[in-house]
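Grab a pencil and have a look at the model below. Try each exercise yourself before you read its solution.

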Amino acid sequence: MTEVSLGIPEMPAPDFPADVRARLETDAREVIARYPDSRSALLPLLHLVQSEEGYVSRTGIRFCSDVLDLTTAEVTAVATFYTMYRRKPSGDYQVGVCTNTLCAVMGGDAIFDELRGHLGVGNDETTADGKVTLEHIECNAACDFAPVVMVNWEFFDNQTPESAKKLVDDLIAGREVRPTRGAPLCTYKETARILAGFPDEREGAVEAGGSAGPASLAGLRLHRGETPGRTVPQQASDPDHQGGPVTEEGEG
Amino acid sequence: MTVESPEKLLVPVLSAFWDDPKSWTLETYRRHEGYQALHKALAMPPDDVIAYVKDSGLRGRGGAGFPTGMKWQFIPQGDGKPHYLVVNADESEPGTCKDIPLLYANPHSLIEGIVIACWAIRSNHAFIYLRGEVVPVLRRLHEAVREAYAAGYLGRNIQGSGFDLDITVHAGAGAYICGEETALLDSLEGRRGQPRLRPPFPAVEGLYACPTVVNNVESIASVPAIVNRGKEWFRTMGSEKSPGFTLYSLSGHVARPGQYEGPLGITLRQLLDMGGGMRPGHRLKFWTPGGSSTPMFTDEHLDVPLDYEGVGAAGSMLGTKALQCFDETTCVVRAVTRWTEFYAHESCGKCTPCREGTYWLVQLMRDIEAGKGRPEDLDKLNDIADNINGKSFCALGDGAAAPIFSSLKYFRAEYEEHIERQGCPFDPARSTAWADSSRTEVIA
């Protein structure tokens, strides 16, 4: 006899624990109040539930649909359209190597291959300790700093295979890592909260990294008659770099 | 080779104080004439502000080059509906990297421009749609908006004018298509970012079906300087049809990649001359004038004036002025394959030519790059690109076709070589930033 399974519809997702739900509802009300129409809050709210669980779970989708009075199908359709929403639990640090054409040619492909071998994981896979998720990313608007690696969407400019390996080693070892431009790294969940529209409250976070990065100043320096000191930065751990040797901050 | 005085060509305006220790703060911005234009604008009737920006000749810096003042003028007035300004800060076009450093180093130029624009179009709510993948910029935008509220440049009764304005900073979630203005609006409404059929245009039915202006970051950020220093000053730069200053982004195998702010109409040769040329020992092979969606150029095009008309006449588009320069170590088939994979990945799936066409382009390109291509594949590539170009719902499809057409036009022999020798003749290691590190030289 052939058994044909029509499939039992999945049971509704469990809700967040009451205290978590209450906290998230307070945040959600603040997000919704920024928009003339509540549905506009959906993208930030998906970032918000991601800040709670590190990915968009069925529970997170249910929460968004509840507070916005949408169906879970409507929320799922949106959550699956955008690449920044993770569909499964992933690492504390998302290491994205730009492999769009310019970065790939400038060394992004080599960096990605090196990290894949070094970490023993493939694209969109996480190390066994749950620390690092490796990912191909698309152009991140920093082509004058190529090749670029993003960790939790902070810039690590002018990378090499060596600097990138050291970067992930530091992340895994729990050493402090500073981006080339921007604030000291926070975890993926903390980053997601900023993306939901809640400003980074850490002391000095806005100031960290200083003004424009070196490449951004190329024309201005020339205009001022300042002699450019060198050619293309050859290594990430370049002591001349305004942000310092990016992968050695934690040791200094 | 160096130019005698490159400073005569460059005109830092938006980038003028990016090296100030705290360039992103309100305090620094005010020291550099910040918010002076706002006072002038608020003293003018809104229609006069629109006319002024229109007369300046400012054209959209996001790629299409549509006159900014004209976009504002299309907003119907007295219609009783809310009006919205949406700033497109979704900068994601491969190669494009001007708005992100601008917002990181000088976010108040955008905030001031927004207030002026909203005064002009009678909008009380503006949105900044920032791509999500740039958290350092998001931090500074949050802070700049907070500072502007605290200083009375946003909120109720701005500077005693009776004008109210709120700004919402909105982080996207990773979708190139949201740079297309109608897809951006759908995304901002909490939907999948898919483009809308036009008409109706956003000026009539945009965000929440209300009149909406969607402008690029650099366009809006340029407005305060125009209002403050005068449209005549603005028109002293560039040409009659392409006046003003702009940010050129030099990247790739050049000696000094970076942002170069200057008048429209500058040439790549001039930019390379002042920027130290290509990396030592190499020569330019191909480049994009304004991101990967603009047909590529070669070293024949070094003297094309980089303005809307000049680049258009040479067969490409000014786009975002993202000058990605590749030297002779770069395989053009590899470059185009990667761009094509990008378009296939980012195609939203709404229309068939783009969704299916980009998929098949990737299959063909990968085969050719891997040495498994057949001679007839080249015509097939061209044919598929032709079936996407101009036949897709939005410009993403045209963008996907551009690298195919232009690379086949200039480098067909290189494609054929891949097919004939059944493999790629290039060594990717030679293209990397560190390939020549043993012979890095300092250019004095």
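Two short exercises follow, each with a worked solution.

This is a predicted model, in which local features need pLDDT of at least 70 and side-chain atom pairs count only at pLDDT 80 or more, while totals for chains, interfaces and linings use all residues. Residues are numbered from 1 along each chain as its sequence is written, with chains lettered from A and ligands numbered from 1 in the order in which they are written.

**Exercise 1.** Work out how α2(A) and α7(A) pack.

Step 1: Find helix α2 (residues 42-53) and helix α7 (residues 188-195), both in chain A. Their axes lie 7 Å apart, at an angle of about 160 degrees.

Step 2: That makes α2(A) roughly antiparallel to α7(A) (the label for angles over 145 degrees).

Step 3: Now look for who meets whom: from α2(A) come His47(A), Gln50(A) and Ser51(A), and from α7(A) come Lys189(A), Ala192(A), Arg193(A) and Leu195(A) (contact means C-beta atoms, placed from the backbone, within 7 Å).

**Exercise 2.** Describe the surroundings of β1(B).

Step 1: Check the cover on strand β1 (residues 84-89) of chain B: six of its six residues are buried (20 or more other C-beta atoms within 10 Å of a residue's own).

Step 2: Sort the side chains: Tyr84(B), Val86(B) and Asn88(B) point one way, and Leu85(B), Val87(B) and Ala89(B) the other.

Step 3: Follow the pairing (at least two DSSP bridges between strands). β1(B) runs parallel to β2(B), residues 125-130, with six bridges; Leu85(B) has Ala126(B) as its bridge partner there.

Step 4: Five bridges link β1(B) to β4(B), residues 212-216, again parallel, and Asn88(B) partners Asn216(B).

Notes:
Axes are lines fitted to C-alpha atoms, for helices over the stretch in contact, and angles run from 0 to 180 degrees between N-to-C directions. Helices (H or I, at least four residues) and strands (E, at least two) are DSSP runs, numbered from the N terminus. Angles under 35 degrees count as roughly parallel, over 145 as roughly antiparallel, 65 to 115 as roughly perpendicular and the rest as oblique. Two residues are in contact if their C-beta atoms, placed from the backbone, lie within 7 Å. A residue is buried if 20 or more other C-beta atoms lie within 10 Å of its own, exposed if 12 or fewer, and partly exposed in between; C-beta atoms are placed from the backbone.
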